[in-house]
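Student: Before we discuss any labels, could you show me the model and then take me through the reasoning behind the terms used for it?

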Amino acid sequence: MIGAGIVGASIAHHLAARGARVTVLERERPAAAASGRSFGWINASFGHPDAYQQLRYLAMLEYLRLEREVPGIQVNWSGSLVWLPDAAGDSLARLVRAQQRRGYPVRSVEAREFAALEPRVRPAPALAAFAEREAAVDPAHTTVALLEAAQKSGAQVRYPVTVTGFDLHGDRLRAVETGDGAIGVDVAVLAAGVDTPRLAREAQLRVPLKESPALLLRTRPLEPTAARILVTPQAQVKQQVDGRVVVGVGPRAGLPAQSPEGARETLAAAQTILPGLTSADLESATPGLRPMPDDELPIVGFAGPVGGVYVAVTHSGVTLAALIGRLVASEILEGAPCDWLAPYRLSRFAAGG
């Protein structure tokens, strides 16, 4: 297993729990990259193709199992509230109805009910979408909990370790080469986020990712400020169990400026949602890059001319991690391709694929 973000940690846990010998190799430390800089929203909300939304919804439900299986995981099943400017109310209502036709548990709430759900938002929007089953986690904490569970099942977690290449013999992988020496393997799982394309080239693969910068803010602990995940076009806001408020760039706000000015703009956008954040002390502003495949859909599966190389890279790794971990473990250990993952193979990017 190469990569100790939330996706790699989940795969490691599920493999080790089923008795596989697992070694996790991480270049820096667990959750050092995207998983430590993710907003942590578990969702299957608007704007996804039907099959992908179904995959995401199944992944949400997998967290019900995973939090029982790994006691250190803390999922906040608060739901999310999504809204647009009041002038776009008809558009939001149509989106909600479309989601309901797909069977997704979301409903419209008007200003009075919204104010009861989130009394600290001023002013309450005229209309919002309330997805009651959506949730949030602290991705870094969840990653560590999964790795600890994997270790209890016998996995080794090694960092910092630099993977330098692969020992390929004909059409088979024999070993992963590292700065500390070679490690013999039957299967190498590339779950290294934005570093996956570099590693893939060493295994004669091309994994196409595109630039997708992110910016995440954390405040110092505050009194209760937000009970649910709040999402507007400009900002995403949630409050953690420890009282810290986490702010991410909204889904329609464009690429964030990864600078002090960008941090101030992002915090200002959150303050328009929650005036109580005006006096908040900013603890950190963390830029990062999300592992975003070219078509914005997951890349999961055995790949390429060399047997024994498995790729698992995706945006929305937080949402998908619980399900991907279980399905990938099944594919590797049982050798039976999973139909749910069939649309997300690397081969779709091949010429004519």
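**Reasoning from values to terms**

Tutor: In this predicted model, let us begin with a helix pair: Y52, L55, R56, L58, A59, M60, E62, Y63, R65 and L66 of α2 are in contact with V318, T319, L320, A321, A322, L323 and R326 of α8. Sorted by class, this contact between α2 and α8 comprises 12 nonpolar, one polar and four charged residues.

Student: What makes α2 roughly perpendicular to α8?

Tutor: Helix α2, residues 50-69, and helix α8, residues 317-334, pack at an angle of about 75°, and their axes are 7 Å apart. Angles of 65 to 115 degrees count as roughly perpendicular, and therefore α2 is described as roughly perpendicular to α8.

Student: Why is the pair of D50 and R102 called a salt bridge?

Tutor: The closest N and O atoms of D50 and R102 are 2.5 Å apart, and because the rule asks for a side-chain nitrogen of Lys or Arg within 4 Å of a carboxyl oxygen of Asp or Glu, the pair qualifies. In general, side chains of opposite charge can pair when their charged atoms come close. A search of the whole structure finds 17 salt bridges.

Student: Why is the pair of D50 and R102 said to tie together parts that are 52 residues apart in sequence?

Tutor: D50 belongs to helix α2, whereas R102 sits in the loop between α3 (89-101) and β4 (107-110), so the pair links parts that are 52 residues apart in sequence.

Student: How many cavities of 30 Å³ or more does the count give, and what lines the largest cavity?

Tutor: The count comes to one cavity of 30 Å³ or more, and about 30 Å³ of space lies in the largest cavity. Its lining consists of N76, S78, A136, A226, A227, R228, I229, K238 and Q239, which divide into four nonpolar, three polar and two charged residues.

Student: How much space lies in the second largest pocket, and which residues are the closest to its centre?

Tutor: The second largest pocket holds about 530 Å³ of space, and of the 20 residues that line it, R21, V22, T23, V185 and V187 are the closest to its centre. The elements giving two or more residues to this lining are β1 (23-25), β10 (181-184), β11 (188-190) and α8. By class, the lining of the second largest pocket has 14 nonpolar, four polar and two charged residues.

Student: Which backbone values should I look at in the loops?

Tutor: As background, most residues other than glycine have a negative phi, and most peptide bonds are trans. The peptide bond from R122 to P123, however, is cis, with omega near -10°, and P123 lies in the loop between α4 (111-117) and β5 (127-131). The bond from Y159 to P160 is cis, with omega near -5°, and P160 is placed in the loop between β7 (156-158) and β8 (163-169). Finally, A31, in the loop between β1 and β2 (41-42), has a positive phi of about 60° although it is not a glycine.

Conventions:
Residues numbered from 1 in each chain as written. Predicted model: local features only at pLDDT ≥ 70, side-chain atom pairs only at ≥ 80, totals over all residues. Heavy atoms only, no water. Axes fitted to C-alpha atoms, helices over the stretch in contact; angles between N-to-C directions. Helix = DSSP H or I, 4+ residues; strand = E, 2+ residues; numbered from the N terminus. Parallel < 35°, antiparallel > 145°, perpendicular 65-115°, else oblique. Contact = heavy atoms within 4.5 Å. Nonpolar A, V, L, I, M, F, W, Y, C, P; charged D, E, K, R; others polar. 1 Å grid on protein atoms, 1.4 Å probe; cavity = no way out; pocket = protein on both sides within 12 Å on 5 of 7 lines; lining within 4 Å. Points joined across faces, edges and corners; volume = space filled by probe spheres on them.
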